[in-house]
Structures are given as structure tokens and as C-alpha cells.
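This briefing concerns one protein chain and is intended for reading beside its sequence and coordinates. Please keep both in view while going through the points.

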Amino acid sequence: LFVERQLKIHQKPIAIVNTNNFYSNLMAHFERMYVEGFAPQENRNIYSLVDNPLSALEFIENYHPKNIGEKPLKA
């Protein structure tokens, strides 16, 4: 879903439910990619990290697409 969202194939919300901090290391890796310039800062708008399923549902219900920049690959 991340790639399809980045390529603007869809505008659907992506919520990552970080139960018991399961995805904390992944988020740290994403942060390192942004800081070191490996991934554009706009990629932060592709997903939302939430703590529980209820927060994920609230995010989805209130979702408004954000700018994620240009497509990284052009035809």
C-alpha cells in the first residue's frame, strides 16, 4: 500500500497500529531515511502511526489526503 500511495495510485488512508511498540523500530528506520535524505520528507504524509485500533478508525474516518510530492517514477 505504501508504494501505491506514493505513486498516487490511490488516496486511501494508511494507519499503522503500533500495539506494544511493535513498529517502533520501523518508525525509527523511516526517521533515519528522512534525516539522511534517502526518502523525501513528504513521505511522512503517506501513513499515520497510532497506538490502538480505535485511534486507527478515528484516523480513517477523519482522513483528508495530504501532499506527498511528485511521483518518484515518471513514465
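The points below cover the overall build, the nonpolar core, the salt bridges and two asparagines.

The model is predicted. Its protein chain contains 3 helices and 2 strands, and these elements follow the order α-β-α-β-α from the N terminus. Buried residues account for 25% of the 75 residues.

**Overall build**

- Along the principal axes, the C-alpha atoms of the protein chain occupy a box of roughly 40 × 30 × 15 Å.
- The accessible surface of the chain amounts to about 5600 Å², and carbon and sulfur atoms contribute 56% of that area.
- Of the contacts between residues at least 6 apart in sequence, 63% link residues at least 24 apart.
- The chain carries 8 positive and 8 negative charges, and the mean positions of the two sets lie 8 Å from each other.

**Nonpolar core**

- The largest nonpolar core consists of 10 residues: Ile14, Ile16, Met27, Phe30, Met33, Tyr34, Ala39, Ile46, Tyr47 and Ile68.
- Helix H2 is the element that gives the most to this core, supplying 4 residues.
- Ile14, one of the core residues, has contacts beyond four places in sequence with Leu1, Phe2, Arg5, Ile46, Tyr47, Ser48 and Phe59.
- Two of these partners, Ile46 and Tyr47, are themselves listed as members of the core.

**Salt bridges**

- The whole structure holds 2 salt bridges.
- One of them pairs Glu31 with Arg44, with 2.7 Å between the closest N and O atoms.
- Glu31 belongs to helix H2 whereas Arg44 sits in the loop between H2 and S2, so this pair ties together parts of the chain that are 13 residues apart in sequence.
- Glu31 has a relative accessibility of 32% and therefore counts as partly exposed.
- Arg44 is likewise partly exposed, with a relative accessibility of 32%.
- A salt bridge also joins the side chains of Arg32 and Glu36, with an N to O distance of 2.9 Å.
- Both Arg32 and Glu36 are exposed.

**Asn43 and Asn45 in the loop between H2 and S2**

- Asn43 is located in the loop that runs between helix H2 (24–35) and strand S2 (48–50).
- Asn43 has a relative accessible area of 11%; because this value is under 20%, the residue is classed as buried.
- When neighbours within four places in sequence are set aside, Asn43 is in contact with Gln6 and Tyr34.
- Tyr34 also appears among the residues of the largest nonpolar core.
- Asn45 is placed in the loop between H2 and S2 as well.
- The relative accessible area of Asn45 is 27%, so this residue falls between the limits of 20% and 50% and is partly exposed.
- Apart from residues up to four places away in sequence, Asn45 touches Arg5, Lys66, Asn67 and Ile68.
- Of these partners, Ile68 is a member of the largest nonpolar core, and Arg5 is also touched by Ile14.
- Asn45 and Glu61 are 16 residues apart along the chain, and their C-alpha atoms are separated by 16 Å.

How values were computed
Residues numbered from 1 in each chain as written. Predicted model: local features only at pLDDT ≥ 70, side-chain atom pairs only at ≥ 80, totals over all residues. Heavy atoms only, no water. Buried < 20%, exposed > 50% of the residue type's maximum accessible area, 1.4 Å probe, protein only. Contact = heavy atoms within 4.5 Å. Core = buried A, V, L, I, M, F, W, Y, C linked by side-chain atoms within 4.5 Å. Areas by Shrake-Rupley, 256 points an atom, 1.4 Å probe, with all protein chains shown as cover. Lys, Arg positive; Asp, Glu negative; His and termini not counted. Charge placed at Lys NZ, Arg CZ, Asp CG, Glu CD. Salt bridge = Lys/Arg side-chain N within 4 Å of Asp/Glu carboxyl O.
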